[in-house]
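Hi,

Here is the structure I promised to pass on to you. Have a look at it first, and then read on for what turned up.

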Amino acid sequence: MATLVLLRHGESDWNAKGLFTGWVDVSLSAKGEDEARRGGKLLLDNDLRPDVVHTSVLTRAIQTAQLALGEADLLWLPVRRSWRLNERHYGALQGKNKAQTREEFGDEQFMLWRRSYDVPPPPMADDDEYSQAGDPRYALLPPELMPRTECLKDVVERMLPYWYDQIVPDLSAGRTVLVAAHGNSLRALVKHLDGISDEKIAGLNIPTGIPLLYELDEGFRPKQPGGRYLDPDAAKAAIEAVANQGR
Ligand SMILES: O=C(O)[C@@H](CO)OP(=O)(O)O
């Protein structure tokens, strides 16, 4: 049996402002910092002690892992980071207000961009103030892999190699693994783990800062479909809030 804990970063400054974020590197809000600490406390209270941590290369996920591990007295844990765990690149929507976008383009288009499996937003221009072109953290990324927009399908495709090559080997070695990442990179991983269809994944939202525990069988499939949030009541309310963003 293998133990996997997924943790979406706490609320970011742009989550609080209702802006599409994607690869823009914003920090946690004060509330998000509290959520991250609370996530660490939930690990502690549930006797979950990760052996290794994987994060994206975005500050909000890194801060969340740090704060949660600090709370659980585990700051010394080995950490690995990859752009493959990054949030979905939101293309030309990065930096735009969600409510205004919904008003401008209508509900259907807004939801297609936000939650459809295979419709990406328009690409972001390299000279846009919210573009990541030239960001040194992606300097070693082959140019053809650098996204300018992504749909969830693209995220599944770029995330899965990391799952198989880096996370599964840790799980196989018997390590409890903590993955600190993002709403949509975790939706991609949950889609894979639970075998959720392309249609049904539109209805799945991940709350900020609440650890989601998966016990996996020898084939790395969940023993309990959907896993278990360590604070189910808080998760339910927070999932609703994510679903209603932009309304
Ligand atoms: O803006 C984003 O990058 C994501 C996560 O915060 O938003 P959404 O939930 O709308 O996909």
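I'll begin with a pair of residues you may want to find on screen. An unreviewed UniProt entry carries the annotation "active site" for His9 and Glu87. The two span 79 residues in sequence, yet their C-alpha atoms are no more than 10.4 Å apart, so they gather at one spot. Do keep in mind that what you are looking at is a predicted model.

Where does each of the two sit? Histidine 9 is in the loop between E1 and helix H1 (13-17). Glutamate 87 is in a loop too, the one between strand E3 (79-81) and helix H4 (98-105).

Buried or exposed? Histidine 9 has 33 other C-beta atoms within 10 Å, so it counts as buried. Glutamate 87 is buried as well, with 27 C-beta neighbours inside 10 Å.

Their contacts are worth clicking through. Setting aside neighbours within four places in sequence, histidine 9 is in contact with Leu28, Gly32, Arg60, Ala61, Thr64, Ala180, His182 and Thr208. For glutamate 87, not counting residues up to four places away in sequence, the list is Thr21, Gly22, Trp23, Leu58, His182, Gly183, Asn184 and Ser185. You'll spot His182 in the contacts of histidine 9 and again in those of glutamate 87.

There is a ligand to look at too. Around the ligand you'll find Asn15, Phe20, Thr21, Gly22, Glu87, Tyr90, Arg114, Gly183, Asn184, Val242 and Gln245. Note that Glu87, one of the residues with the "active site" annotation, is in that shell. Sorted by class, the shell holds 3 nonpolar, 6 polar and 2 charged residues.

Now the overall picture. The protein has 8 helices and 6 strands, and along the sequence they follow the pattern β-α-α-β-α-β-α-α-α-β-α-β-β-α. Its radius of gyration is 17 Å, close to the 18 Å that the globule rule gives for 247 residues, so the protein is as compact as a globular protein of that length. Along the principal axes, the C-alpha atoms fill a box of roughly 45 × 40 × 35 Å. Of the 247 residues, 40% are buried. Among contacts with a separation of 6 or more, 79% are between residues 24 or more positions apart.

What about the inside? In soluble globular proteins, nonpolar side chains tend to be buried together. Here the largest nonpolar core has 43 residues, and the members that touch the most others are Leu6, Ala68, Met159, Val179 and Ala180. Two or more residues each come from strand E1 (2-8), helix H2 (30-45), helix H3 (59-71), helix H6 (152-172), strand E4 (177-181), helix H7 (183-194) and strand E5 (212-216). H6 gives the most to this core, with 7 residues. Ala180, one of those well-connected core members, also appears among the contacts of histidine 9.

Methionine 159 is a good place to zoom in: leaving out residues up to four places away in sequence, it touches Arg84, Leu85, Ser185, Ala188 and Leu189. There is also a second, separate core of 8 residues, including Trp14, Leu19, Val24 and Trp113.

A few other spots, in case you are browsing:

- Proline 120 is in the loop between helix H5 (107-115) and H6. It is buried, with 22 other C-beta atoms within 10 Å. Beyond four places in sequence, proline 120 touches Gly91, Thr149, Glu150, Cys151 and Asp154.
- Aspartate 47 has a phi near 55°, which is positive in a residue other than glycine. It lies in the loop between H2 and strand E2 (52-55), and with 6 C-beta neighbours inside 10 Å it counts as exposed.
- Aspartate 73 also has a positive phi, about 60°, although it is not a glycine. You'll find aspartate 73 in the loop between H3 and E3, exposed, with 10 other C-beta atoms within 10 Å.
- Asparagine 244 lies in the segment after helix H8 (232-243). It is exposed, with 9 other C-beta atoms within 10 Å. The C-alpha atoms of asparagine 244 and serine 27 are 22 Å apart, with their positions 217 residues apart along the chain.

Happy browsing!

Note on methods: Residues numbered from 1 in each chain as written. Predicted model: local features only at pLDDT ≥ 70, side-chain atom pairs only at ≥ 80, totals over all residues. Core = buried A, V, L, I, M, F, W, Y, C linked by C-beta atoms within 7 Å. Buried ≥ 20, exposed ≤ 12 C-beta atoms within 10 Å, placed from the backbone. Helix = DSSP H or I, 4+ residues; strand = E, 2+ residues; numbered from the N terminus. Contact = placed C-beta atoms within 7 Å. UniProt positions renumbered as here; feature names shortened; annotations may be inferred. Rg over C-alpha atoms; globule rule 2.2 N^0.38 Å. Near = placed C-beta within 6 Å. Nonpolar A, V, L, I, M, F, W, Y, C, P; charged D, E, K, R; others polar.
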